Amino acid sequence: MAAAPRGQEAAAWSEEAARLVWGGAVPLQVHLHDADVTALPPPPPFLTLGPRIGYFPLLVSTIKAHFSSSLPPGVDTVWFEYKGLPLKWYIPIGVLFDLLCADPERPWNLTVHFRGYPADILSPCEGEDSVKWNYNNSLKEAAFIITGNSKNVMNMSQADQLAMWESVRKGDLDSYMNISTKLKLGPFEEDFLVRTSLLEPRQGSDEPESPGSVKPCRVPVRLYVRRVQQDLEYLEDAKPVSDWESVSYINRPFEIRKEGGDAAAVWNASGAP
């Protein structure tokens with residue numbers, strides 16, 4: 001039997017990678033902060049799995065139920081802390097874990113607070129609605145990088161918007177793919193290839209692109225950068241992140257060029273931060 005074309009192999013690898021990411025989780029051990037304990041003995045920590053593509057506010061209802069008998073009345077906005085650092089609720093759990101745990105800690109020991117929200121460090125969070133709003137904004141940004149506009153996202157029906165968010169919230173990749181394909185944001189969607197293969201002048205030249213040429217696809221990438229003050233042989237030896245001033249991020253399009261059925265990727269350093 002003939003070997004499968006490279007395109008089919010790449011598609012299979014891509015799907016497998018997506019399923020591994022969507023199915024991935026970080027083991028969490030959540031401790032209630034001492035200031036929130038109102039009953040003795042203190043409650044035991046709560047053990048759970050945090051989806052790598054999930055967000056901490058989506059775990060609050062389950063965690064709150066575990067600690068409910070020890071909580072003070074009039075619960076404030078819930079927030080999480082790792083070694084004294086308040087965790088940004090709009091960054092996915094997997095990204096936070098990889099960013100802050102150079103030496104992977106399993107389970108990841110966190111502290112949950114139900115009082116004293118650090119509004120000077122964290123942006124306001126109104127629970128799931130805030131996470132959903134942030135996700136939709138990120139999706140619009142991604143669409144703009146890929147296609148030059150965010151019309152496909154903004155024109156989604158309410159039913160599709162709800163279905164997409166539910167797929168993210170539940171970690172349901174199959175449902176997500178059913179909805180996301182309508183946005184035509186894939187690397188080599190047919191309409192994208194047709195649109196970008198039109199004759200356009202080259203930058204700095206009056207000569208048109210050769211007929212049938214295809215512009216590279218731009219995949220949106222957000223890169224988080226952790227600043228380390230000293231020279232280290234191993235990143236695991238770095239001091240824990242004590243404030244968000246030592247962490248920054250940049251947005252860059254990752255270009256994929258398709259030629260003769262194969263794809264080649266290149267980092268575009270000229271993208272806007």
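Here is a friendly chat about the buried parts of this predicted model.

Trainee: Does Thr-111 count as buried or exposed, and at what relative accessibility?

Mentor: Start by finding Thr-111 in strand 5, which covers residues 108-113. Buried means under 20% relative accessible area. Thr-111 therefore counts as buried, at 18%.

Trainee: Which residues does Phe-80 contact, leaving aside its neighbours within four places in sequence?

Mentor: Thr-111 is a good place to begin, as Phe-80 is among the residues that Thr-111 touches. From the side of Phe-80, the contacts are Val-30, Phe-56, Val-60, Ile-63, Leu-85, Pro-86, Leu-87, Thr-111 and Val-112.

Trainee: Which helix gives the most to the largest nonpolar core?

Mentor: That core has 30 residues, and Phe-80 is one of those touching the most other members. Strand 1, helix 2, strand 3, helix 3 and strand 5 each supply at least two residues. The element giving the most, with five residues, is helix 3.

Trainee: Why do the buried residues of helix 2 line one face?

Mentor: Those buried residues are Val-60, Ile-63 and Phe-67. In an α-helix there are 3.6 residues a turn, so residues three or four places apart point the same way. Seen down the axis of helix 2, the buried residues line one face because they fall within an arc of 70°.

Trainee: Which exposed residues does helix 2 carry on the face turned away from its buried side?

Mentor: First picture the buried side, where the cover includes strand 1, strand 2, strand 3 and strand 5. The face turned away from that side carries two exposed residues, Ser-61 and Ala-65.

Conventions: Residues numbered from 1 in each chain as written. Predicted model: local features only at pLDDT ≥ 70, side-chain atom pairs only at ≥ 80, totals over all residues. Heavy atoms only, no water. Helix = DSSP H or I, 4+ residues; strand = E, 2+ residues; numbered from the N terminus. Buried < 20%, exposed > 50% of the residue type's maximum accessible area, 1.4 Å probe, protein only. Contact = heavy atoms within 4.5 Å. Core = buried A, V, L, I, M, F, W, Y, C linked by side-chain atoms within 4.5 Å. Arc of directions from axis to C-beta.
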